[in-house]
Amino acid sequence: MNTGDYINGRYKVIETLGKGGFGCTYLVRDLTNNGQYAAKNLTFARNNSMFSKVEELFEREVETMKELNHSQIPEFIEYLKVNQELYLIQEYIPGVTLEEEITSGKKYNEEEIICLLNEILEILKYIHNLPKKIIHRDIKPVNIIRRKNDDKLVLIDYGGVKYFAQTKCMQSQTPPTVISSGDYTPPEQKGGEAKLCSDIYALGVTAIAAITSNNLPTDRNGEITCENLANISPELKRILSKMIKPLYEYRYQKVEEVLSELKNIRNSSSSQITQVIPSLQINHPTSQSQITDRIAAAVMVVVSIYAICAAAGIIPTIKETKPYKKAISSELLS
Ligand SMILES: Nc1ncnc2c1ncn2[C@@H]1O[C@H](COP(=O)(O)OP(=O)(O)O)[C@@H](O)[C@H]1O
Ligand SMILES: [Mg+2]
(Lines give C-alpha, C1' and ligand atoms only; values in the text may rest on other atoms or scores of the structure.)
(Ligands and ions follow the chains in the order given, each with its own letter.)
Protein backbone atom coordinates (compact mmCIF):
# COMPACT_ATOMS: atom_id res chain seq x y z
CA MET A 1 0.00 0.00 0.00
CA ASN A 2 1.08 3.57 -0.55
CA THR A 3 0.66 6.81 1.35
CA GLY A 4 -2.77 8.25 0.58
CA ASP A 5 -4.37 4.82 -0.14
CA TYR A 6 -7.52 3.90 1.75
CA ILE A 7 -8.34 0.72 3.66
CA ASN A 8 -12.03 -0.08 3.33
CA GLY A 9 -12.66 3.50 2.19
CA ARG A 10 -12.20 4.62 5.79
CA TYR A 11 -8.57 4.42 6.97
CA LYS A 12 -6.19 6.66 5.03
CA VAL A 13 -2.52 5.53 4.98
CA ILE A 14 -0.28 8.26 6.42
CA GLU A 15 3.05 6.42 6.55
CA THR A 16 4.67 2.99 6.90
CA LEU A 17 5.60 2.17 10.51
CA GLY A 18 7.35 -1.14 9.93
CA LYS A 19 7.79 -4.07 7.58
CA GLY A 20 8.21 -7.65 8.79
CA GLY A 21 8.52 -11.00 7.01
CA PHE A 22 4.74 -11.55 6.96
CA GLY A 23 3.22 -8.13 7.04
CA CYS A 24 3.44 -4.41 6.94
CA THR A 25 2.20 -1.96 9.57
CA TYR A 26 0.91 1.50 8.63
CA LEU A 27 -0.05 4.62 10.51
CA VAL A 28 -3.57 5.39 9.30
CA ARG A 29 -6.19 8.10 9.91
CA ASP A 30 -9.79 7.14 10.46
CA LEU A 31 -11.87 9.53 8.34
CA THR A 32 -14.91 9.12 10.56
CA ASN A 33 -13.30 10.48 13.74
CA ASN A 34 -9.90 11.77 12.53
CA GLY A 35 -8.19 9.40 15.02
CA GLN A 36 -4.83 7.78 14.30
CA TYR A 37 -4.45 3.98 14.35
CA ALA A 38 -1.89 1.31 13.48
CA ALA A 39 -3.04 -1.01 10.69
CA LYS A 40 -1.18 -4.29 10.24
CA ASN A 41 -1.64 -5.88 6.83
CA LEU A 42 -0.75 -9.50 6.10
CA THR A 43 1.36 -9.33 2.96
CA PHE A 44 2.57 -12.93 2.76
CA ALA A 45 2.12 -14.43 -0.73
CA ARG A 46 -1.07 -16.50 -1.01
CA ASN A 47 0.55 -19.01 -3.36
CA ASN A 48 3.27 -19.84 -0.81
CA SER A 49 2.81 -23.26 0.78
CA MET A 50 3.24 -21.65 4.21
CA PHE A 51 0.38 -19.20 3.66
CA SER A 52 -2.24 -21.08 5.67
CA LYS A 53 0.14 -21.32 8.66
CA VAL A 54 0.96 -17.61 8.42
CA GLU A 55 -2.73 -16.74 8.11
CA GLU A 56 -3.44 -18.88 11.17
CA LEU A 57 -0.82 -16.95 13.17
CA PHE A 58 -2.29 -13.65 11.98
CA GLU A 59 -5.75 -14.70 13.06
CA ARG A 60 -4.35 -15.87 16.37
CA GLU A 61 -2.82 -12.41 16.80
CA VAL A 62 -6.26 -10.88 16.15
CA GLU A 63 -7.98 -13.25 18.61
CA THR A 64 -5.32 -12.56 21.25
CA MET A 65 -5.54 -8.79 20.89
CA LYS A 66 -9.32 -8.93 21.22
CA GLU A 67 -8.91 -10.56 24.63
CA LEU A 68 -6.12 -8.38 25.99
CA ASN A 69 -6.99 -5.46 28.20
CA HIS A 70 -3.95 -3.75 29.65
CA SER A 71 -2.84 -0.12 29.61
CA GLN A 72 0.58 -1.15 28.22
CA ILE A 73 -0.76 -3.25 25.34
CA PRO A 74 -2.31 -1.61 22.23
CA GLU A 75 -6.08 -1.82 22.21
CA PHE A 76 -7.77 -3.92 19.53
CA ILE A 77 -10.02 -1.83 17.25
CA GLU A 78 -11.20 -4.13 14.44
CA TYR A 79 -10.32 -6.92 12.02
CA LEU A 80 -10.98 -6.31 8.35
CA LYS A 81 -11.01 -8.58 5.30
CA VAL A 82 -11.11 -6.44 2.17
CA ASN A 83 -10.64 -7.97 -1.30
CA GLN A 84 -8.85 -10.96 0.23
CA GLU A 85 -6.53 -8.60 2.15
CA LEU A 86 -6.37 -8.96 5.95
CA TYR A 87 -5.97 -5.95 8.26
CA LEU A 88 -5.65 -5.71 12.01
CA ILE A 89 -6.56 -2.19 13.18
CA GLN A 90 -5.21 -1.33 16.63
CA GLU A 91 -4.50 1.61 18.89
CA TYR A 92 -1.55 3.66 17.63
CA ILE A 93 1.22 4.16 20.21
CA PRO A 94 3.21 7.33 19.47
CA GLY A 95 6.80 6.99 20.66
CA VAL A 96 10.08 5.26 19.85
CA THR A 97 10.89 1.57 19.98
CA LEU A 98 13.48 0.41 22.49
CA GLU A 99 15.58 -0.58 19.46
CA GLU A 100 15.60 3.04 18.24
CA GLU A 101 16.38 4.25 21.74
CA ILE A 102 19.32 1.83 22.11
CA THR A 103 20.78 2.56 18.67
CA SER A 104 20.47 6.31 19.25
CA GLY A 105 23.20 5.82 21.88
CA LYS A 106 21.10 6.14 25.05
CA LYS A 107 23.00 4.91 28.12
CA TYR A 108 20.86 3.10 30.67
CA ASN A 109 21.77 3.18 34.35
CA GLU A 110 20.89 0.43 36.84
CA GLU A 111 17.67 2.17 37.94
CA GLU A 112 16.46 2.44 34.32
CA ILE A 113 17.23 -1.23 33.64
CA ILE A 114 15.32 -2.25 36.78
CA CYS A 115 12.36 -0.08 35.63
CA LEU A 116 12.49 -1.66 32.15
CA LEU A 117 12.48 -5.16 33.65
CA ASN A 118 9.71 -4.35 36.13
CA GLU A 119 7.43 -2.82 33.51
CA ILE A 120 7.74 -5.64 30.99
CA LEU A 121 7.55 -8.29 33.72
CA GLU A 122 4.24 -6.76 34.90
CA ILE A 123 2.85 -7.03 31.35
CA LEU A 124 4.12 -10.61 31.10
CA LYS A 125 2.56 -11.39 34.49
CA TYR A 126 -0.76 -10.28 33.01
CA ILE A 127 -0.55 -12.34 29.78
CA HIS A 128 1.05 -15.42 31.42
CA ASN A 129 -1.73 -15.56 34.01
CA LEU A 130 -4.67 -15.32 31.60
CA PRO A 131 -6.71 -18.56 31.35
CA LYS A 132 -4.95 -19.38 28.04
CA LYS A 133 -1.52 -18.60 29.53
CA ILE A 134 -0.24 -16.54 26.62
CA ILE A 135 3.47 -16.76 25.78
CA HIS A 136 4.53 -13.75 23.70
CA ARG A 137 7.48 -15.59 22.05
CA ASP A 138 8.89 -12.45 20.42
CA ILE A 139 10.12 -10.13 23.17
CA LYS A 140 12.89 -7.92 21.76
CA PRO A 141 13.68 -4.19 21.62
CA VAL A 142 11.87 -3.62 18.30
CA ASN A 143 8.63 -4.94 19.83
CA ILE A 144 8.68 -2.55 22.79
CA ILE A 145 7.59 1.08 22.33
CA ARG A 146 8.30 3.85 24.84
CA ARG A 147 5.04 5.80 24.76
CA LYS A 148 5.62 9.50 24.17
CA ASN A 149 3.02 10.95 26.54
CA ASP A 150 3.95 9.06 29.73
CA ASP A 151 7.29 7.30 28.97
CA LYS A 152 5.69 3.95 29.79
CA LEU A 153 6.79 0.86 27.87
CA VAL A 154 4.19 -0.80 25.65
CA LEU A 155 4.57 -4.40 24.49
CA ILE A 156 3.43 -4.86 20.87
CA ASP A 157 3.39 -7.61 18.20
CA TYR A 158 1.30 -10.55 19.31
CA GLY A 159 1.92 -12.28 15.97
CA GLY A 160 4.03 -14.98 17.56
CA VAL A 161 1.89 -15.81 20.58
CA LYS A 162 1.27 -19.32 21.72
CA TYR A 163 -1.29 -20.52 24.24
CA PHE A 164 0.59 -22.52 26.81
CA ALA A 165 -2.67 -23.83 28.26
CA GLN A 166 -3.32 -25.87 25.06
CA THR A 167 -3.29 -29.55 25.82
CA LYS A 168 -0.36 -31.71 24.64
CA CYS A 169 -2.77 -33.71 22.46
CA MET A 170 -3.92 -30.56 20.61
CA GLN A 171 -0.33 -29.56 20.01
CA SER A 172 0.89 -32.93 18.84
CA GLN A 173 -1.54 -33.01 15.87
CA THR A 174 0.61 -30.51 14.01
CA PRO A 175 4.36 -29.92 13.99
CA PRO A 176 5.37 -27.06 16.32
CA THR A 177 5.64 -23.54 14.92
CA VAL A 178 9.06 -22.09 15.57
CA ILE A 179 9.04 -18.36 16.16
CA SER A 180 12.64 -17.29 16.34
CA SER A 181 14.37 -13.94 16.67
CA GLY A 182 18.03 -14.99 16.77
CA ASP A 183 19.80 -14.01 19.96
CA TYR A 184 16.55 -13.27 21.79
CA THR A 185 15.17 -16.78 21.37
CA PRO A 186 16.06 -19.41 23.99
CA PRO A 187 17.14 -22.92 22.91
CA GLU A 188 13.91 -24.70 23.94
CA GLN A 189 11.87 -22.25 21.81
CA LYS A 190 14.20 -22.79 18.84
CA GLY A 191 13.45 -26.47 19.31
CA GLY A 192 9.70 -25.77 19.05
CA GLU A 193 8.97 -26.02 22.77
CA ALA A 194 8.30 -22.49 23.97
CA LYS A 195 7.53 -22.13 27.67
CA LEU A 196 6.45 -19.24 29.87
CA CYS A 197 10.08 -18.86 30.94
CA SER A 198 11.09 -18.43 27.26
CA ASP A 199 9.74 -14.86 27.54
CA ILE A 200 11.90 -14.36 30.67
CA TYR A 201 15.00 -15.34 28.64
CA ALA A 202 14.13 -12.91 25.80
CA LEU A 203 13.53 -10.10 28.29
CA GLY A 204 16.90 -10.79 29.97
CA VAL A 205 18.66 -10.52 26.60
CA THR A 206 16.68 -7.33 25.85
CA ALA A 207 17.98 -5.77 29.10
CA ILE A 208 21.56 -6.81 28.24
CA ALA A 209 21.14 -5.27 24.77
CA ALA A 210 20.11 -2.01 26.48
CA ILE A 211 23.08 -2.12 28.89
CA THR A 212 25.60 -2.88 26.14
CA SER A 213 24.16 -0.70 23.33
CA ASN A 214 23.30 -3.84 21.34
CA ASN A 215 26.74 -5.48 21.71
CA LEU A 216 25.64 -8.72 23.31
CA PRO A 217 28.67 -10.23 25.07
CA THR A 218 29.22 -13.97 24.60
CA ASP A 219 31.35 -16.52 26.41
CA ARG A 220 33.68 -19.20 25.01
CA ASN A 221 30.69 -21.36 24.07
CA GLY A 222 29.03 -18.51 22.18
CA GLU A 223 26.37 -18.10 24.87
CA ILE A 224 25.28 -14.65 26.01
CA THR A 225 26.88 -13.76 29.34
CA CYS A 226 26.58 -10.95 31.91
CA GLU A 227 29.97 -11.69 33.49
CA ASN A 228 31.75 -8.54 32.35
CA LEU A 229 28.87 -6.08 32.30
CA ALA A 230 30.05 -2.73 33.62
CA ASN A 231 28.06 -0.29 35.76
CA ILE A 232 25.55 -2.73 37.19
CA SER A 233 25.44 -4.21 40.68
CA PRO A 234 26.38 -7.85 41.37
CA GLU A 235 22.73 -8.43 42.46
CA LEU A 236 21.30 -7.28 39.11
CA LYS A 237 23.98 -9.26 37.29
CA ARG A 238 22.96 -12.37 39.22
CA ILE A 239 19.28 -11.87 38.32
CA LEU A 240 20.06 -11.29 34.64
CA SER A 241 22.29 -14.37 34.45
CA LYS A 242 19.50 -16.50 35.92
CA MET A 243 17.02 -15.03 33.41
CA ILE A 244 19.21 -16.06 30.46
CA LYS A 245 20.21 -19.58 31.53
CA PRO A 246 20.25 -21.60 28.28
CA LEU A 247 18.82 -24.63 30.07
CA TYR A 248 15.31 -23.54 31.02
CA GLU A 249 15.33 -25.75 34.13
CA TYR A 250 17.95 -23.43 35.69
CA ARG A 251 16.06 -20.28 34.75
CA TYR A 252 13.35 -18.44 36.72
CA GLN A 253 10.17 -20.34 35.89
CA LYS A 254 7.71 -17.53 36.61
CA VAL A 255 7.86 -13.77 36.23
CA GLU A 256 6.70 -13.37 39.84
CA GLU A 257 10.03 -14.90 41.00
CA VAL A 258 12.00 -12.29 39.05
CA LEU A 259 9.77 -9.46 40.27
CA SER A 260 10.27 -10.44 43.90
CA GLU A 261 14.07 -10.69 43.51
CA LEU A 262 14.15 -7.27 41.84
CA LYS A 263 12.20 -5.89 44.80
CA ASN A 264 14.86 -7.35 47.10
CA ILE A 265 17.58 -5.37 45.29
CA ARG A 266 15.65 -2.20 46.12
CA ASN A 267 15.09 -3.25 49.74
CA SER A 268 18.73 -4.18 50.24
CA SER A 269 19.92 -0.88 48.74
CA SER A 270 17.61 1.06 51.11
CA SER A 271 18.79 -1.06 54.10
CA GLN A 272 22.37 -0.21 53.12
CA ILE A 273 21.41 3.43 53.53
CA THR A 274 19.81 2.85 56.95
CA GLN A 275 22.91 0.92 58.04
CA VAL A 276 24.98 4.03 57.44
CA ILE A 277 22.84 6.07 59.83
CA PRO A 278 23.51 4.08 63.07
CA SER A 279 27.21 3.94 62.24
CA LEU A 280 27.18 7.72 61.97
CA GLN A 281 25.44 7.92 65.35
CA ILE A 282 28.14 5.75 66.95
CA ASN A 283 30.86 7.91 65.46
CA HIS A 284 29.17 11.13 66.47
CA PRO A 285 30.09 11.24 70.22
CA THR A 286 33.66 10.27 69.36
CA SER A 287 34.01 13.06 66.83
CA GLN A 288 32.31 15.47 69.26
CA SER A 289 34.86 14.72 72.00
CA GLN A 290 37.63 15.15 69.44
CA ILE A 291 36.23 18.60 68.56
CA THR A 292 36.01 19.56 72.28
CA ASP A 293 39.65 18.51 72.81
CA ARG A 294 40.74 20.60 69.83
CA ILE A 295 38.83 23.68 71.05
CA ALA A 296 40.38 23.32 74.54
CA ALA A 297 43.89 23.09 73.03
CA ALA A 298 43.25 26.17 70.86
CA VAL A 299 42.00 28.16 73.88
CA MET A 300 45.13 27.16 75.82
CA VAL A 301 47.38 28.35 72.96
CA VAL A 302 45.54 31.73 72.71
CA VAL A 303 45.65 32.24 76.51
CA SER A 304 49.39 31.41 76.60
CA ILE A 305 50.19 33.82 73.75
CA TYR A 306 48.12 36.52 75.47
CA ALA A 307 49.92 35.96 78.79
CA ILE A 308 53.36 36.13 77.14
CA CYS A 309 52.45 39.32 75.22
CA ALA A 310 50.95 40.92 78.35
CA ALA A 311 54.07 40.06 80.40
CA ALA A 312 56.29 41.55 77.67
CA GLY A 313 54.14 44.70 77.63
CA ILE A 314 53.19 44.30 73.95
CA ILE A 315 49.44 44.53 74.70
CA PRO A 316 47.73 46.43 77.57
CA THR A 317 46.45 44.49 80.59
CA ILE A 318 42.70 44.30 81.34
CA LYS A 319 43.01 47.06 83.97
CA GLU A 320 44.53 49.46 81.44
CA THR A 321 41.85 48.90 78.79
CA LYS A 322 38.90 50.03 80.94
CA PRO A 323 39.43 53.85 80.78
CA TYR A 324 40.29 53.46 77.04
CA LYS A 325 36.96 51.73 76.40
CA LYS A 326 35.10 54.37 78.39
CA ALA A 327 36.79 57.16 76.41
CA ILE A 328 35.63 55.62 73.12
CA SER A 329 32.06 55.21 74.44
CA SER A 330 31.83 58.83 75.61
CA GLU A 331 33.21 60.00 72.27
CA LEU A 332 30.45 58.14 70.40
CA LEU A 333 27.77 59.46 72.74
CA SER A 334 28.75 63.11 72.37
N1 LIG B 1 0.28 -0.16 17.79
C2 LIG B 1 1.38 0.40 17.26
N3 LIG B 1 1.66 1.70 17.46
C4 LIG B 1 2.76 2.25 16.92
N5 LIG B 1 3.65 1.58 16.16
C6 LIG B 1 3.42 0.28 15.93
C7 LIG B 1 2.29 -0.38 16.47
N8 LIG B 1 2.32 -1.67 16.09
C9 LIG B 1 3.43 -1.79 15.35
N10 LIG B 1 4.10 -0.64 15.23
C11 LIG B 1 5.37 -0.40 14.50
O12 LIG B 1 5.41 -1.27 13.40
C13 LIG B 1 6.49 -2.19 13.53
C14 LIG B 1 6.05 -3.55 13.04
O15 LIG B 1 4.91 -3.97 13.78
P16 LIG B 1 4.81 -5.44 14.42
O17 LIG B 1 3.45 -5.58 15.03
O18 LIG B 1 5.96 -5.62 15.32
O19 LIG B 1 4.87 -6.35 13.15
P20 LIG B 1 5.90 -7.47 12.64
O21 LIG B 1 5.20 -8.74 12.94
O22 LIG B 1 6.02 -7.18 11.21
O23 LIG B 1 7.19 -7.34 13.39
C24 LIG B 1 6.88 -2.14 15.00
O25 LIG B 1 8.23 -2.48 15.22
C26 LIG B 1 6.59 -0.71 15.35
O27 LIG B 1 7.65 0.12 14.93
MG1 LIG C 1 7.58 -6.90 15.41
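## A tour from the core outwards

Start in the middle of this predicted model: the largest nonpolar core holds 67 residues. Select Ala39, Ile113, Ile120, Ala207, Ala210 and Met243, which have the most contacts inside that core. Next, colour helix α6, residues 196–211: this helix supplies twelve core residues, the largest share. Now colour domain 1 (6–91) and domain 2 (95–274), and you'll find that each gives the core at least three residues. As background, nonpolar side chains tend to be buried together in soluble globular proteins.

**Stop two: Ala39.** Which residues does Ala39 touch, once those up to four places away in sequence are set aside? Show Ile7, Tyr11, Thr25, Tyr26, Val28, Tyr87 and Ile89, and you have them.

**Stop three: helix α3.** Select residues 110–128, the 19 residues of helix α3. Put a distance between the C-alpha atoms at its two ends and you should read 26 Å. That agrees with the expected 27 Å, because each residue should add 1.5 Å to the span. Which residues of α3 are buried? Pick out Ile113, Ile114, Leu116, Leu117, Ile120, Leu121, Ile123, Leu124, Ile127 and His128. Two of these you've already met: Ile113 and Ile120 are among the core residues with the most contacts.

**Stop four: ligand 1.** Move over to ligand 1 and bring up the 19 residues that surround it. The closest are Gly18, Gly20, Ala38, Ile93 and Asp157. Strands β2 (11–19), β3 (23–30), β4 (36–42) and β6 (85–91) are the elements that each give two or more residues to this shell. Colour the shell by residue type and you get eight nonpolar, eight polar and three charged residues. Keep the domain colours on, too: domain 1 (6–91) and domain 2 (95–274) each provide at least three residues of the shell.

**Stop five: Glu193.** Now find the loop between α5 (187–190) and α6, where Glu193 sits. Is Glu193 buried or partly exposed? Glu193 counts as partly exposed, because 14 C-beta neighbours lie inside 10 Å, whereas a buried residue needs 20 or more. Leaving out neighbours within four places in sequence, Glu193 is in contact with Pro176 and Glu188. Try one more distance here: the C-alpha atoms of Glu193 and Val178 are 8.2 Å apart, with their positions 15 residues apart along the chain.

**Last stop: zoom out.** With the entire chain in view, look for nine helices and eleven strands. Of its 334 residues, 28% are buried. Among contacts between residues at least 6 apart in sequence, 58% join residues at least 24 apart.

Notes
Residues are numbered from 1 along each chain as its sequence is written. Chains are lettered from A and ligands numbered from 1 in the order in which they are written. This is a predicted model: local features need pLDDT of at least 70, side-chain atom pairs count only at pLDDT 80 or more; totals for chains, interfaces and linings use all residues. A residue is near a molecule or strand if its C-beta atom, placed from the backbone, lies within 6 Å of it. Helices (H or I, at least four residues) and strands (E, at least two) are DSSP runs, numbered from the N terminus. Ala, Val, Leu, Ile, Met, Phe, Trp, Tyr, Cys and Pro count as nonpolar, Asp, Glu, Lys and Arg as charged, and the others, Gly among them, as polar. Domain bounds come from an automatic or database domain assignment. A nonpolar core is a set of buried Ala, Val, Leu, Ile, Met, Phe, Trp, Tyr and Cys residues joined through C-beta atoms within 7 Å. A residue is buried if 20 or more other C-beta atoms lie within 10 Å of its own, exposed if 12 or fewer, and partly exposed in between; C-beta atoms are placed from the backbone. Two residues are in contact if their C-beta atoms, placed from the backbone, lie within 7 Å. The expected span of a helix is 1.5 Å times one less than its number of residues.
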